[in-house]
2 protein chains.
Amino acid sequence: VDREEKIVLQEIKIGLLGLGTVGSGVYRILTERQKFLAQKTGLNFIPKRILVRDLGRKRAVAVDPGLLTTDPTQVVAHPEIDLVVEVLGGVEPARSLIAAALQAKKSVITANKELIATHGAQLYQLAREQGVDLFFEASVAGGIPILGPLQHSLAGEDIEAVYGIVNGTTNYILTAMTEQARSYADVLAEAQALGYAEADPTADVAGHDAARKLAILAALAFDQYVDLDDVYCEGIEKIKPADIAFASQLGYVVKLVAIARKKAAGLEARVHPALVPAGHPLAGIKGVFNGIIVEGWAVGSLLFTGAGAGQMPTGSAVVGDIVAAAKNYVAGQRGKPGLGFVKKSRVLPMEEVENSYYLRLQVEAGTMAVAKVVRHLSEAGVELKTLEICKGNEQVDLILKTSTVKEGIFMQVLSLLQAERDIKQVDAVIRCLVE
Amino acid sequence: VDREEKIVLQEIKIGLLGLGTVGSGVYRILTERQKFLAQKTGLNFIPKRILVRDLGRKRAVAVDPGLLTTDPTQVVAHPEIDLVVEVLGGVEPARSLIAAALQAKKSVITANKELIATHGAQLYQLAREQGVDLFFEASVAGGIPILGPLQHSLAGEDIEAVYGIVNGTTNYILTAMTEQARSYADVLAEAQALGYAEADPTADVAGHDAARKLAILAALAFDQYVDLDDVYCEGIEKIKPADIAFASQLGYVVKLVAIARKKAAGLEARVHPALVPAGHPLAGIKGVFNGIIVEGWAVGSLLFTGAGAGQMPTGSAVVGDIVAAAKNYVAGQRGKPGLGFVKKSRVLPMEEVENSYYLRLQVEAGTMAVAKVVRHLSEAGVELKTLEICKGNEQVDLILKTSTVKEGIFMQVLSLLQAERDIKQVDAVIRCLVE
């Protein structure tokens with residue numbers, strides 16, 4: 001007899017809400033690595049009940065049909081279940097079911113960024129009141145450990161900024177547009193065919209998914225939460241191959257970045273495309289990968305990269321949280337969350353945020369337009385960093401980069417430029433990550 | 001009156017062993033960020049006693065002279081001190097002082113890689129017996145949170161490999177040799193002048209420092225500790241600009257890598273220069289920066305990068321551990337370390353480790369030498385991946401890369417080649433990170 005089998009391990013019984021992509025990954029890790037996890041943690045993790053919509057549906061993962069139920073109370077109110085894992089996604093019924101589980105004094109692990117970004121403060125408060133844990137590492141950047149380090153290893157660090165690439169779909173699209181000089185629509189269609197983008201891609205391409213992750217990152221980095229509506233959000237739908245090519249000539253790549261930065265007057269919190277210098281660590285994050293930079297007063301700049309999504313990476317993050325919650329449960333140490341969701345942040349209006357800008361304008365031939373652009377910028381105290389005049393057969397383009405200026409001032413300059421008859425139209429305005 | 005000042009915070013009194021570079025960084029963070037830390041943690045961190053060698057010495061950091069002592073018992077046995085921070089470096093007296101502090105039931109935070117790599121198991125055991133914590137995040141890769149994520153966020157992950165660039169001095173030297181086509185001796189002298197390399201640089205350039213960090217990483221990644229003597233260790237002293245240039249032509253950069261990898265028969269644990277493909281994430285880690293890759297069964301490949309040394313980044317890692325140890329202290333939850341140092345690993349002998357190899361040979365003119373190289377490799381079942389013949393005025397060089405082969409077999413082939421009269425000498429043998 002194998003000696004290990006004789007040791008009676010404490011059982012941790014898990015209720016799973018959902019058995020989709022991430023849920024199946026969690027189930028696979030818990031069952032295929034059950035013995036490994038037992039050796040590593042001294043705990044025996046047992047999936048006990050799994051909420052599904054359809055009991056008869058064929059599944060990619062082999063699950064004991066006796067575990068499946070369509071009745072959520074069989075999970076969230078089951079007397080034997082110690083931990084509840086929510087991988088349904090969306091706000092409802094996830095919110096109500098998590099609340100019910102917390103009220104039944106069960107610690108909850110969730111991968112649900114939409115829910116935590118919008119109801120994190122309320123659910124955190126409920127978990128605190130009930131003396132149980134609410135963990136959500138998998139809600140940001142899939143398998144990359146980022147919320148854990150922010151709360152633990154960096155607990156003594158005065159964090160100044162958290163920013164990076166947190167949406168794999170848009171990074172895949174921008175990478176393909178860059179490397180293959182293809183249009184947004186063309187690459188989006190391919191990404192949809194490959195399953196990297198949803199049939200309705202809005203949440204990803206309009207930046208909403210990145211904004212949700214940013215709200216969660218900001219809450220844990222700055223011990224303040226932000227109202228999701230206060231996060232400025234601009235997607236990649238209008239990015240043109242021409243601008244990617246011009247950016248490349250200037251030594252930049254175009255990325256969708258999410259930025260949270262502590263300022264004296266409040267918090268910057270914004271998601272938008274940005275020109276990233278080719279030598280910058282974020283420029284090397286390609287395809288569906290994610291990369292997050294943490295800047296701290298003492299530690300300087302840290303970069304965390306890895307798979308930002310996917311069944312097994314996201315499942316790994318959920319299981320990491322399951323192990324942590326189980327250890328707290330066994331030690332009688334549940335319900336000691338950080339400060340993350342206590343105070344609400346003042347988010348700076350976008351007009352107050354400083355950026356440098358890339359601009360592409362269609363102008364009348366001749367030197368008048370250039371002179372006007374230079375004059376309007378200079379009158380507003382904005383420096384011209386680079387200027388390229390591009391004469392085609394039918395049109396003249398000005399491509400320029402400005403010095404750093406408050407967005408409000410820059411937008412006033414832009415209105416003045418648009419009112420000039422020599423300036424036919426503004427074809428692109430993209431912020432730069434660094435001047 | 002500021003409302004915050006009225007709240008009576010729990011005080012955590014800290015004893016510091018050492019006030020050198022890292023110690024001064026810790027002191028600066030604790031004092032310059034005292035109010036910030038109090039708001040963030042609800043605890044008031046107070047440096048209480050600091051062990052120094054010379055009370056009268058002038059210091060870069062302004063310290064209340066009343067805190068300084070030359071008597072270690074004033075720190076490790078002080079009845080009011082809750083946590084002891086060891087930043088002396090070296091094995092003794094650090095080991096004895098840490099043991100005394102643990103025996104006095106004080107949790108200990110150390111940045112001492114040499115000590116943990118050699119006496120980690122013994123000190124871990126003592127901490128466990130005494131029911132206190134022993135934390136050492138700062139001992140590996142300065143400010144980069146890596147030991148924390150390995151123990152917490154990745155607690156549910158079956159980790160297959162941990163590898164990367166963990167020594168800033170050698171990475172600075174190799175980066176300068178690569179970018180400026182300079183010799184090892186030349187760049188080393190410059191690094192010494194700039195303070196990036198010690199007067200006696202052996203610990204860094206011979207790979208010992210990286211081996212110590214690898215031993216600690218392996219202990220936490222695989223829940224097994226390794227005997228430092230079992231870690232294969234080869235430094236950068238013999239790396240020639242010629243090989244850096246040839247590697248570059250082939251699409252590689254030369255880096256000093258530390259690799260720990262779980263295999264069925266045991267653990268690979270080794271430090272040596274390696275050819276890293278130019279597109280590999282580690283190729284982009286330049287200068288004094290560190291980069292560590294964690295490969296897990298479910299999570300795939302994660303990369304952690306940042307400053308691998310320096311006063312403030314290393315100080316930040318120490319303070320992160322101080323906060324964690326203080327939280328455990330306040331919660332009455334000390335002395336629950338992971339499994340890291342319980343079992344001893346079987347480290348595979350280097351002959352059993354598989355690599356592909358870069359080789360530079362000086363040969364007699366004519367085709368005989370090439371034929372012999374090809375025959376010996378092929379008889380041993382080794383494929384030739386690339387072959388370049390480089391004819392100079394006075395000598396003919398063969399530059400080649402092999403397929404993956406066990407080191408023992410490759411070394412036999414190398415002996416056969418060295419015995420051939422057509423092959424004048426072997427000028428370089430460098431392992432490749434990936435075939």
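**Exercise 1. Place A:Gln34 in helix α3 of chain A and describe its surroundings in this predicted model.**

Solution.
Step 1. The residue sits in helix α3 of chain A.
Step 2. Its relative accessibility is 27%. Buried means under 20% and exposed means over 50%, so A:Gln34 counts as partly exposed.
Step 3. Setting aside neighbours within four places in sequence, the contacts of A:Gln34 are A:Ile29, A:Asn44, A:Phe45 and A:Ile46.
Step 4. For a distance across the chain, take A:Glu157, which is 123 residues away from A:Gln34 in sequence. The two C-alpha atoms are 36 Å apart.

**Exercise 2. Describe helix α2 of chain A and find what its buried residues pack against.**

Solution.
Step 1. Helix α2 covers residues 21-32, twelve residues in total.
Step 2. From first C-alpha to last it reaches 16 Å, close to the 16 Å expected at 1.5 Å a residue.
Step 3. Its buried residues are A:Gly23, A:Ser24, A:Gly25, A:Val26, A:Tyr27, A:Ile29 and A:Leu30. One of these, A:Ile29, is also in contact with A:Gln34.
Step 4. The packing partners of the buried residues are two strands, β1 (10-17) and β2 (43-51), and two helices, α3 (34-41) and α13 (311-331), of chain A.

**Exercise 3. Is A:His280 buried or exposed, and which residues does A:His280 contact?**

Solution.
Step 1. A:His280 belongs to the loop between β11 (266-277) and β12 (289-296) of chain A.
Step 2. The cut-off for buried is under 20% relative accessible area. With 14% relative accessibility, A:His280 therefore counts as buried.
Step 3. Beyond four places in sequence, A:His280 has contacts with A:Tyr163, A:Ile293 and A:Leu433.

**Exercise 4. Identify the backbone exceptions at A:Pro93, B:Pro93, B:Ala141 and B:Asp223.**

Solution.
Step 1. Start from the usual case: most residues other than glycine have a negative phi, and most peptide bonds are trans.
Step 2. In chain A, the bond joining A:Glu92 and A:Pro93 is cis, with omega about 5°. A:Pro93 lies in the loop between β4 (83-86) and α5 (94-103).
Step 3. In chain B, the bond from B:Glu92 to B:Pro93 is cis, with omega near 5°. B:Pro93 is in the loop between β4 (83-86) and α5 (94-103) of that chain.
Step 4. B:Ala141 is not a glycine, yet its phi is positive, about 60°. This residue is in the loop between β6 (134-135) and α7 (147-151) of chain B, and at 0% relative accessibility it counts as buried.
Step 5. B:Asp223 also has a positive phi, near 55°. B:Asp223 is in the loop between α11 (208-222) and β8 (224-225) of chain B and counts as buried at 15% relative accessibility.

**Exercise 5. Summarise the fold of chain A: how many helices and strands are there, and why is the chain called as compact as a globular protein of its length?**

Solution.
Step 1. Chain A has 15 helices and 19 strands.
Step 2. The radius of gyration is 25 Å, close to the 22 Å that the globule rule gives for 435 residues, so chain A is as compact as a globular protein of that length.
Step 3. Of the 435 residues, 57% are buried.
Step 4. Among contacts with a separation of 6 or more, 73% are between residues 24 or more positions apart.
Step 5. The exposed area of chain A is about 17500 Å², with 49% supplied by carbon and sulfur atoms.

Definitions and conventions:
Residues numbered from 1 in each chain as written. Chains lettered and ligands numbered in written order. Predicted model: local features only at pLDDT ≥ 70, side-chain atom pairs only at ≥ 80, totals over all residues. Heavy atoms only, no water. Helix = DSSP H or I, 4+ residues; strand = E, 2+ residues; numbered from the N terminus. Rg over C-alpha atoms; globule rule 2.2 N^0.38 Å. Buried < 20%, exposed > 50% of the residue type's maximum accessible area, 1.4 Å probe, protein only. Contact = heavy atoms within 4.5 Å. Areas by Shrake-Rupley, 256 points an atom, 1.4 Å probe, with all protein chains shown as cover. Expected span 1.5 Å × (residues − 1).
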